[in-house]
Protein chains: 2
Amino acid sequence: MKVERKKWSEEFSEWYNELIETAGIQDKRYPVKGMNIWLPYGLKIMRNIERFIHAEMERTGHGEVLFPALIPETEFQKEAEHIAGFEGEVFWVTHAGHDPLDIKLILRPTSETAMYSMFALWIRSHADLPFKIYQIVNTYRYETKHTRPLIRVREISRFFEAHTAHDSFEDAERQIKEDLEIFNNLAKFLAIPYIVSKRPEWDKFPGAYYSLGAEVMMPDGRTLQIGTMHNYRQNFAKAYEILYETEDGNHEYVHQTTFGMSERLLAAVIAIHGDDRGMVLPPTIAPIQVVIVPIPKKDAEADVFAYAREIADELKAAGIRVHVDERDIRPGRKFYDWELKGVPLRIEVGPRDVEGRKAVLARRDTLMKETVEREGLVEVIRKTLDEIHANLYTRAEEFLRSHIKRVDTIEEAKAVFEDRRGVVEIPWCGEEECGLKMEEELDAKMLGTPYPEEKAKEGIEGKKCPICGRGAKFIARFARTY
Amino acid sequence: MKVERKKWSEEFSEWYNELIETAGIQDKRYPVKGMNIWLPYGLKIMRNIERFIHAEMERTGHGEVLFPALIPETEFQKEAEHIAGFEGEVFWVTHAGHDPLDIKLILRPTSETAMYSMFALWIRSHADLPFKIYQIVNTYRYETKHTRPLIRVREISRFFEAHTAHDSFEDAERQIKEDLEIFNNLAKFLAIPYIVSKRPEWDKFPGAYYSLGAEVMMPDGRTLQIGTMHNYRQNFAKAYEILYETEDGNHEYVHQTTFGMSERLLAAVIAIHGDDRGMVLPPTIAPIQVVIVPIPKKDAEADVFAYAREIADELKAAGIRVHVDERDIRPGRKFYDWELKGVPLRIEVGPRDVEGRKAVLARRDTLMKETVEREGLVEVIRKTLDEIHANLYTRAEEFLRSHIKRVDTIEEAKAVFEDRRGVVEIPWCGEEECGLKMEEELDAKMLGTPYPEEKAKEGIEGKKCPICGRGAKFIARFARTY
């Protein structure tokens, strides 16, 4: 059997939209555009992702908080760049009951303006720093672009945001490093390779000093941003009067950072690992890691089911998430369902397996089947699940690498976008004018320069900016994006 | 040492409001009335409560979903009684970006009207029934009454709602029984005794056929509703066209129920178990079950800290949530902090304990101290935590029982409300007119009649309704409520 990825790559958009519903992730028929309903199976996967995030936040000393979803207009308007960036896309609550509100409220599009007047109350002295909190909440953006489940929505229902305050720029930089480390652990957990770019000035988060974005490669060669880290320096601290007393009794503005993610993480997992049969879930987050399908023959039903349950009990005791599909339908239909839902490993057991104390393992990632001994099955399954995870990562890594291309000219770049798309790296003088010109010529977005900074200059000796012809100072990455 | 509960009972309102902030549960200074910020410690406790709820939902076959928080005006207006009950207290989203919305949206006050048009799509045949889902989400009510954290708020941020659909009234009744069983398990887990009443007709949930409410007794003798179960019969099914195909091919409306709870569960735990020193948490939900306070003498610091950590490691390995307070402050200050935060058990270790291989246990519930052997400490602690839990329940149970009084006349009832308050049970003819009259005379709310139904008639033989003098048909419960 061969892994087919024709529909996956050639009709990605339809493949994805359909799968979200058929695999039980979300229902898109809710009667408000861009707002979808999480279904139990999809939410279970997302909860497994969140559990990992909670553990990483705990490990790194972030306290979990929950802020109200409504922000008074007066708070929202304290930081000029931030308002400018968001005011066109916020939902306004103007009435309550039968009366207009004295002060209008917005539904948070992100929580800087909700949190930072509280930071000013909470943070008093250097002993309170670093101050690190996070929350996973619903946020709202009035998207005018085409919406797509988990990717571009008007209600981001699993919005993760960590907010920190520090006594120096250096400590804020250390925080950004920690965010990148957390992000890297998470990406490994999800088996999704990614690249990090420092956004160009014109595409920073509204109010940020600088912004980093982490992108993955989607099957159609477009990139998806799934994580951002921003260093705000003292910009918001000044707008919200967040001061701390230093050891020698002075008062200084704090330095701040944020780290953001969302249900796009799940979108990336679905898109990157899938194939024409449906989802392929990494075992780390699969609600069911192993499904056992009994294949009884007449007169041997009881034995086969008993054997299936015996195996299930053993796997369960070993901490493996297992399910026996005892539905009264044909095995082929069961295979179809669980392949669609991305269960990483299937065990088939029939009368001959019962007799010979064997089992058939079918891997979802490779679609390969193998007969193994009943004896020592738990160990074989553990090893196989690890192999599946590693294989998913490797396959995705190859796909990402093969979709990053370095070129010297606009013509070469255009050719890439006409062919397989992906990320194009071009030497750049660093001037906004040339950057914008390249965006226009390529009909692509500049993701930014490779990060960490030293990577942004690798191999640019002697290269020229293809727009102005001056010497290149950076590598700039371009992509068609989601 | 004696457990002081003077402030707790005599100035409960101030005691509670202050504790919510000093114990690190919520910050009330958020600049929107009735919307508060969950702080890390409070949220950890709430998450432990939610974890239990999730497990019970899983056990009973409810799927977890997440619906959008915004409901189109058009959906909201489909069930007449429901709108009438809520329209005075919903928040309206009227604009997005710079434009007015074509169809105004409300922030969900509860999710019937968000969910039930989807039920009509999801439920097709008898094979889909019973259909059971739940979510824990933020909901919004424009409360005009005095707000109070966790109890009466405009953003209920941890609103639990289970919604089910059934093929018959009987199966819906079975669901209500299951809800009561789940609720009972949860109450045991939280060590909070409660009573269940069937609400009078005039106080049913808007759109319900009947409503049950579960109340706890607060320190000031007022009751707090912490759980509700509603049987909707086919009322919403008719408004939202939720039909299923029966086995013989007919189409019938489903029967529906809901089950609701919120962060009031935590309010109840804080209020019921606390004392003048602060919170007393049941070990089941305490983020820290055991705090170890080293009490070093000069020159013996290292030994004492090493001993404390050794004990902590052993407890941790045994699955007990333990924390060693190594802060550089006086032990008395540490005792104060952890008593305020309700840690059920404190271990004090000093040089003599190190030497004699002993430890001092201080119980938060009784404030009693006891010296125990280092040998077998884990077992002693496990047992003590269980005893604390049992003692909290027993103490609360006695308090509840002593605050329920059965009387025959309005005068007796008034005397109860003038004295210690609590729940007053009065014979009632069952007529709305007499019930409302009693509410007025007593300046109290009728909670309803004891549930299950057979309890509603216990001991009413020969009793008369004190308003009309006719023979009593039920016992009616009255209370001042939160």
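**Views of chain A, a predicted model**

**Figure 1. Contacts in chain A of this predicted model reach across the sequence****.** Among contacts between residues at least 6 apart in sequence, 70% join residues at least 24 apart. The secondary structure of chain A comprises 15 helices and 23 strands.

**Figure 2. Eleven strands of chain A form an open sheet****.** The order of the 11 strands is β3-β7-β8-β14-β11-β10-β9-β22-β23-β21-β20, and their pairing is mixed. At the edges of the sheet stand β3 (63-64) and β20 (404-406) of chain A; each has a single partner strand, so one side of each lacks a neighbour in the sheet.

**Figure 3. Strands β9 and β10 of chain A run antiparallel****.** Strand β9 covers residues 195-198 and strand β10 covers residues 210-217, and 4 bridges join the two. Within this pair, I195(A) stands opposite E215(A) in β10(A).

**Figure 4. The C-alpha trace of chain A spans about 80 × 60 × 50 Å along its principal axes****.** A compact globule of 482 residues would have a radius of gyration near 23 Å; the value for chain A is 25 Å, which agrees. Of the 482 residues, 60% count as buried.

**Figure 5. Chain A exposes about 19600 Å² of surface****.** Carbon and sulfur atoms supply 48% of this exposed area. Chain A carries 70 positive and 83 negative charges, and the mean positions of these two groups are 5 Å apart.

Technical notes: Residues numbered from 1 in each chain as written. Chains lettered and ligands numbered in written order. Predicted model: local features only at pLDDT ≥ 70, side-chain atom pairs only at ≥ 80, totals over all residues. Heavy atoms only, no water. Pairing = 2+ DSSP bridges. Helix = DSSP H or I, 4+ residues; strand = E, 2+ residues; numbered from the N terminus. Rg over C-alpha atoms; globule rule 2.2 N^0.38 Å. Buried < 20%, exposed > 50% of the residue type's maximum accessible area, 1.4 Å probe, protein only. Contact = heavy atoms within 4.5 Å. Areas by Shrake-Rupley, 256 points an atom, 1.4 Å probe, with all protein chains shown as cover. Lys, Arg positive; Asp, Glu negative; His and termini not counted. Charge placed at Lys NZ, Arg CZ, Asp CG, Glu CD.
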